[in-house]
Amino acid sequence: MTITEPAAGGVRIAIDRGGTFTDVWASLPGKPDIVLKLLSVDPANYADAPTEGIRRVLSLHRGEEIPRGVPLPKDDLESIRMGTTVATNALLERKGTKHAFLVTKGFRDLLQIGYQSRPRLFDLNIVKPEALYSDVREIDERVTIEGFDEDIDGIFKTNKEIPGVLVKGTSGDMIRILKPLDDSAVRQTLKDLRAQGYDTVAVCLTHSHVFPAHEARVEELALEEGFTHISLSSMVAAKMIKMVPRGSSSSADAYLTPEIKRYLSGFAKGFQDGNLDGVRCDFMQSDGGLVSHDRFSGLRGILSGPAGGVVGYARTSYDASSGTPVVGFDMGGTSTDVSRFGGSFEHVFESVTAGVTIQSPQLDINTVAAGGGSILFWRNGLFVVGPESASSHPGPACYRKGGPLTVTDANLFLGRLIPDLFPKIFGENEDQPLDLEIVREKFIALTDVINRDTGDSLTPEEVACGFLDVANETMCRPIRALTEGKGYDIASHNLAVFGGAGGQHACDIARTLKISTIVIHKFSSILSAYGKSDHCYLHQSH
């Protein structure tokens, strides 16, 4: 990572595309900053929210409306920086790219077996997450690290290479080739896959972290056979030693990166000449770094959106002079992301997301499926919040799209949201306020059901408060895990609150956790976008 400073010039735009809202921050020469908030999905009005946000910024900059559907001019753009949930959503919803998994012979069940971990030991109905790949093929090759097990003291090790038998690996260890790669057999396997409609493969061969030559040769053959994307475990998983996370990471990359490329291709077509030539367009990665759009991958973009929020509050809410650590509380429409900053970014290098082991550097962010769009249920005599979300389409009941009751509706019903101060972006013409009447009707109806089932006489307001209590406790758990679970005193932290729904729950969360200071930045509702802006950011240099 290197710290870089962009040159002064034209319009600079930072965008965070979340599950419910897309946030836009823009800097215009000689003018105040622009802040916009759009629904991430609004098919009746626009096809892509980031493109629509850029159109509105450029219209304000030029002083004339750029019609929707017209390719956007690039002359005024200095830079675009984005975070997106495309990879995250594809992984969570299992809507990635169909691909085959190529693995050393004898290891076809590698990812099915995994670590044989049993996270829910007493669960009577265990459902394993589905593998991301659609087919698995074995490659008849095998190498081993010479003397690794038999000669731990290195007494009989040799540094003399024997072509085709003993070669030096990237770590300096001698690699014995037990079974050379058979090009013709590999080529036939690839031909069979192409005949079945596959154009993407993931490759994971034993010891490829120190001997990537066999994987590289498979990639060459795959390209010759017409495959459009090949994910090598020796490349995507930071050359780490463990085969299970390497294989899982290569499969995840093959599953997600083509989706990213398809999105970027569609995004680029919204500009003049149908491309981003001449525009510096960077995407934020899971580790908090920025990388050019043409090198952005799905594997390293799973936390693309939340990472911007961490960088944002670390820059705006942490006081180095006092050294008081900060807990970041990013409550959006679909989920809530929590993290901790004590003067340096905390990273993890192996994580499990949606049941998939990922071996890639990521900021240490815990996500819980509770946000403003989390649906409220009365189920089996219990108040239940989420994990299902109304997203932005149809959205909460108050969005005027026929959606269900959500956390946002509870806040609106209790007066914590004031319709007159909320963006008027709803209805057919995108000019209507939040609909309080339909929310009131739905809460009255739900309260009648609850009282009938329990024999109680709760008021609709008490029911709304009950749902918010459940949501708050759900969001407190990952904060405790990040602090108390690691030996930190949670009360000695400040709470940095941001995200579209964060302010509505800030005091309740702080009170529950006994945190005395809450920090809310002026751009708190779009901090994940602001964190991607050009003040002082990490940029991927290679």
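Is Lys514 buried or exposed? In this predicted model, Lys514 is exposed, with a relative accessible area of 64%, where buried denotes under 20% relative accessible area, exposed over 50%, and partly exposed the range in between (1.4 Å probe, protein chains only). Local features are reported only at a pLDDT of at least 70 and side-chain atom pairs only at pLDDT 80 or more, whereas totals for chains, interfaces and linings use all residues. Residues are numbered from 1 along each chain as its sequence is written, and side-chain values use heavy atoms, with hydrogens and water left out.

The average pLDDT of the protein chain (the predictor's confidence in each residue, from 0 to 100) is 86, and 94% of the residues score at least 70. Over residues 1–8 the pLDDT falls below 50, yet this stretch has 26 contacts in the model beyond near neighbours in sequence, a contact being defined by heavy atoms within 4.5 Å. Residues 538–542 likewise have a pLDDT below 50, with 22 contacts beyond near neighbours in sequence.

The protein chain contains 13 helices and 26 strands; these are DSSP runs numbered from the N terminus, helices being H or I runs of at least four residues and strands E runs of at least two. The radius of gyration is 26 Å, close to the 24 Å given by the globule rule for 542 residues, so the chain is as compact as a globular protein of that length. This radius is taken over C-alpha atoms, and the globule rule is 2.2 Å times the number of residues to the power 0.38. Along its principal axes, the C-alpha trace spans about 80 × 60 × 55 Å. Buried residues account for 53% of the 542 residues. Of the contacts between residues at least 6 apart in sequence, 68% join residues at least 24 apart. The chain exposes about 24000 Å², of which carbon and sulfur atoms supply 52%; accessible areas were computed by the Shrake-Rupley method with a 1.4 Å probe, and for residues only the protein chains shown count as cover.

Two residues of helix α12 (residues 502–513) illustrate its packing environment. Gln504 lies in this helix and is buried, with a relative accessible area of 15%. Its side chain makes a polar contact with the side chain of Asn411 at 2.7 Å. A polar contact is a pair of N or O atoms within 3.5 Å; within protein, one must be able to donate a hydrogen and the other to accept it, and residues adjacent in sequence count only if both atoms are side-chain atoms. Neighbours within four places in sequence aside, Gln504 is in contact with Asn411, Arg416 and Leu417. His505, also in helix α12, is buried at 0% relative accessibility. With neighbours within four places again excluded, the contacts of His505 are Phe329, Met331, Val407, Asn411, Leu468, Asn472 and Met475.

Lys514 itself is found in the loop between α12 and β25 (518–519). Most residues other than glycine have a negative phi. Lys514, although not a glycine, has a positive phi of about 60°. Asp273, likewise not a glycine, has a positive phi of about 70°. Asp273 lies in the loop between α7 (243–268) and β13 (280–284) and counts as exposed at 67% relative accessibility.

Partly exposed positions occur in a loop and in a helix. Pro180 lies in the loop between β10 (174–179) and α4 (183–195) and has a relative accessible area of 49%, which places Pro180 in the partly exposed class. Beyond four places in sequence, Pro180 is in contact with Asp140, Glu141 and His214. The C-alpha atoms of Pro180 and Leu232, 52 residues apart along the chain, are separated by 18 Å. Gln112, in helix α3 (residues 110–113), is partly exposed at 36%. Not counting residues up to four places away in sequence, Gln112 touches Lys128, Ala131 and Tyr133. Gln112 and Glu130 are 18 residues apart in sequence, and their C-alpha atoms are 8.6 Å apart in space.

The structure holds zero disulfides, a disulfide being a pair of cysteine sulfur atoms within 2.5 Å. The sulfur of Cys465 is 14 Å from the closest cysteine sulfur, in Cys507, and is therefore too far away for a bond. Cys465 is partly exposed, with a relative accessible area of 32%, whereas Cys281 is buried at 2%.
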